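Biologist: Before I trust any labels, I'd like to hear the reasoning behind them. Can you put the model up and talk me through it?

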Amino acid sequence: MPEQSTLRMTRQRRAILDAVRAARLHPTADEVYACVRVGLPRVSLGTVYRNLEELARRGLIDKVEAGGTQRRYDGETALHCHVRCLACGRVEDAEVGGVDLRRVGSSRIPGYRVVGCAVEVLGYCARCVKAGHDKPDGRS
């Protein structure tokens, strides 16, 4: 549950939030760091990590923790699906027709207090398919 108290928006925090919200592909902390360093060359990686966690805790961004991959961040906080490339790890928003995530996320499951849901579609992005990385043995 996002914390409701006011968050002071420092220059670094604003740059980090803007970088995540501007990214079409959901960036890792290292990718956010590289982007933010363009405008704020003295920002530290630790500052980026701490602020990403704080922004996610406050509900301003979402953490995308796909099965066994590096954590990524998403500027879109509304309930939606993701698609992940099994070859390169790229994560994007996915339109999945016929799935009402609000209904799934509010389901009652015996023995659980459901707080949300995450739907991840798995596949291979066009770049990896073109390079032949969608084959089980990696050959074209």
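**Labels and the reasons for them**

Modeller: Let's start in the sheet: Cys81 has Ala94, in strand 4, as its bridge partner. Keep in mind that this is a predicted model.

Biologist: What makes strand 3 and strand 4 a pair?

Modeller: Pairing takes at least two bridges. Strand 3 (residues 81-85) is joined to strand 4 by 4 bridges, so the two count as paired, and they run antiparallel.

Biologist: Which strands are the edges of the sheet, and what makes them edges?

Modeller: The sheet is open, with 3 strands in the order 4-3-5 and mixed pairing. Strand 4 (91-94) and strand 5 (120-123) are the edge strands, as each pairs on one side only. From one strand to the next, the twist averages 30°.

Biologist: Now the cysteines. How do you know that Cys88 is not bonded to Cys85?

Modeller: A disulfide needs two cysteine sulfur atoms within 2.5 Å. For Cys88 the closest cysteine sulfur is the one in Cys85, at 3.7 Å, so that is too far for a bond.

Biologist: And why is there no bond between Cys128 and Cys125?

Modeller: It's the cut-off again: the sulfur of Cys128 has its closest cysteine sulfur in Cys125, 3.6 Å away, and therefore too far for a bond. Searching the whole structure turns up 0 disulfides.

Biologist: Why is Cys128 called buried?

Modeller: Buried means under 20% relative accessible area. Cys128 has 4%, so it is buried.

Biologist: Then why is Cys88 called partly exposed?

Modeller: Partly exposed covers what falls between under 20% and over 50%. Cys88 has a relative accessible area of 34%, so partly exposed is the label.

Biologist: Why does Ala118 count as exposed?

Modeller: Exposed takes over 50%, and Ala118 has 75% relative accessibility, so it counts as exposed. You'll find Ala118 in the loop between helix 4 (101-105) and strand 5. Its C-alpha atom is separated by 24 Å from that of Asp18, which is 100 residues apart from it along the chain.

Biologist: Last one: what makes Tyr124 eligible for a nonpolar surface patch?

Modeller: A patch residue needs over 30% relative accessible area and no salt bridge. Tyr124 has 39%, so it clears that area cut-off while counting as partly exposed. The patch, about 350 Å², is made by Tyr124 together with Leu86, Leu122 and Val129. Tyr124 itself is in the loop between strand 5 and helix 5 (126-130).

Terms used. Residues are numbered from 1 along each chain as its sequence is written. This is a predicted model: local features need pLDDT of at least 70, side-chain atom pairs count only at pLDDT 80 or more; totals for chains, interfaces and linings use all residues. Side-chain values use heavy atoms; hydrogens and water are left out. Axes are lines fitted to C-alpha atoms, for helices over the stretch in contact, and angles run from 0 to 180 degrees between N-to-C directions. Patches are made of residues with over 30% relative accessible area and no salt bridge: like charges are joined within 9 Å, nonpolar side chains (Val, Leu, Ile, Met, Phe, Trp, Tyr) within 5 Å. Accessible areas come from the Shrake-Rupley method with a 1.4 Å probe; for residues, only the protein chains shown count as cover. A salt bridge is a side-chain nitrogen of Lys or Arg within 4 Å of a carboxyl oxygen of Asp or Glu. Buried means under 20% relative accessible area, exposed over 50%, partly exposed in between (1.4 Å probe, protein chains only).
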